[in-house]
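Thanks for making the time this morning. I would like to walk you through one chain, going from the overall layout down to a single sheet.

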Amino acid sequence: MADDIAELDEALRRQADTVRRLKQEKASPEEVAEQVAKLLELKAQLGTDEGKHKFVLKTPKGTRDYSPKQMAIREKVFNIIIGTFKRHGAEVIDTPVFELKETLTGKYGEDSKLIYDLKDQGGELLSLRYDLTVPFARYLAMNKITNIKRYHIAKVYRRDNPAMTRGRYREFYQCDFDIAGQFDPMIPDAECLKIVHEILSGLQIGDFLIKVNDRRILDGMFAVCGVPDSKFRTICSTVDKLDKATWEDVKNEMVGEKGLLPEAADRIGEYVQLHGGLGLIEQLLQDPKLSQNKLLAREGLGDMKLLFEYLTLFGIADKISFDLSLARGLDYYTGVIYEAILLQPQNAHKEEPVGVGSVAGGGRYDGLVGMFDPKGRKVPCVGVSIGIERIFSIMEQKVEASEEKIRTTETQVLVAAAQKKLLEERLKLISELWDSGIKAEMLYKKNPKLLNQLQYCEDNGIPLVAIVGEQELKDGVVKLRVVATREEVDVRRENLIEEIKRRTCHP
């Protein structure tokens, strides 16, 4: 027993050193939080002096809290994304956070094992939603909707092994935009890619590339390479790992775990290294094996050519790459698929920029709604999901690095008193300001010192102070102080609201 405690003590000391070191090195907040959680677990194992088990205050694995500063950054990101969705004419919907288990079953391929099942609650088997696309398809089928352009921003849940430092969690937001309905080929698909381009450009998080492919081209490629029909989906989810694993690792999984013949894997290897634009599409249209024998692959290539023509008209083709290694593992995609990645800056050792992770993805899923419709009626859909958590992690790191001061409130003015016994006057004035739609605060003290009130403005980035004093009350004015320049002007009480609005409204 004594040995166990000594070992725990030693582990606790080492973990405390790790936390201290990370804080000194200004490691990312997620990394520090992860190590602090481990430290708390060790402390709990030691328990209190009386040998009682200590309650651990921590968030569950793969989740996190958001401080006011983090929420301010998050709100800025959401505003840019929502503004883009609305600019393109999208409506908004919401759906329950849990669905019937059978609604989600069989829609995600190998990822189905990551679905959170809930305990039986009164006769219905339920699961937490895994994404927003399947609930959207269920919503369309249930309400017999055949035409809608919608966005949906909500939390989803995955029983993943979280890598919180890279923006991967078990509970996280998704921001989805989808166009449902029967339209002419590639026009809505091109708009989805334009939306991704607008959002990533607006967020200013660095250079990016949008990879596109088509499930029909992929399936044609698998067929000419000798992959049996029954293995298409499982090989597809292995190819999907190429952005994180080497070709050797992917090939070993195909051959060793999935039972594919080595020569078939080698043939896939030749195709998946191809990426380009219209030139590559033309080259593949001339490929006798691929386009001459496989009708679906030829259709896919024809649509891809059309897509690139529309993207050129939108002026964004330079950011798009037709990439045969892009697979996207989800089962429900039927046509065009795409994924946006951020690029690390070029350096002397690399011929081309390297991807640092996916920040958006999506595609066409024409059969999903039909799975829910009793008569199997299909509603063609295409959509995109913005990887908000990874974007948020990048924005947070940028703010940390620049040491930029983030305001966590929108207060325009602090109502302050220059002398004692002016609480009533402050309350009357602040009420007037609130009723006129001005964001105002005051300190919750009867007689606060003027210096403390001014310091509060400095600390919280409040731009103006409206100072009430005995002389000002006699003169019917309020002293308006600009915090940044310390300039002070007397403003007539009846003009104060207009003056505050003039000074704090950004054009």
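Before I speak of distances between domains, I should say that the domain bounds used here come from an automatic or database domain assignment. Please also keep in mind that what you are looking at is a predicted model.

With that assignment, the chain is divided into domain 1, covering 1-46, domain 2, covering 68-401, and domain 3, covering 413-504. The centres of domain 2 and domain 3, taken over C-alpha atoms, are separated by 52 Å, while the C-alpha atoms of the chain fill a box of roughly 90 × 70 × 60 Å along the principal axes.

As for what the chain is built from, there are 19 helices and 16 strands, and of its 507 residues, 47% are buried. If we take the contacts between residues at least 6 apart in sequence, 67% of them join residues at least 24 apart. The accessible surface comes to about 26700 Å², with 51% of that belonging to carbon and sulfur atoms. On the charge side, the chain has 76 positive and 81 negative charges, and their mean positions lie 3 Å apart.

Let me finish with the sheet. Here 5 strands form an open sheet with mixed pairing, in the order E13-E12-E14-E15-E16, and its edge strands, E13 (440-441) and E16 (488-492), each pair on one side only. Within that sheet, which sense does the pairing of strand E14 and strand E15 take? Strand E14, residues 464-468, and strand E15, residues 477-482, pair in the antiparallel sense over 4 bridges, and Ile467 stands opposite Lys479 in E15.

Notes. Residues numbered from 1 in each chain as written. Predicted model: local features only at pLDDT ≥ 70, side-chain atom pairs only at ≥ 80, totals over all residues. Heavy atoms only, no water. Helix = DSSP H or I, 4+ residues; strand = E, 2+ residues; numbered from the N terminus. Buried < 20%, exposed > 50% of the residue type's maximum accessible area, 1.4 Å probe, protein only. Contact = heavy atoms within 4.5 Å. Areas by Shrake-Rupley, 256 points an atom, 1.4 Å probe, with all protein chains shown as cover. Lys, Arg positive; Asp, Glu negative; His and termini not counted. Charge placed at Lys NZ, Arg CZ, Asp CG, Glu CD. Pairing = 2+ DSSP bridges.
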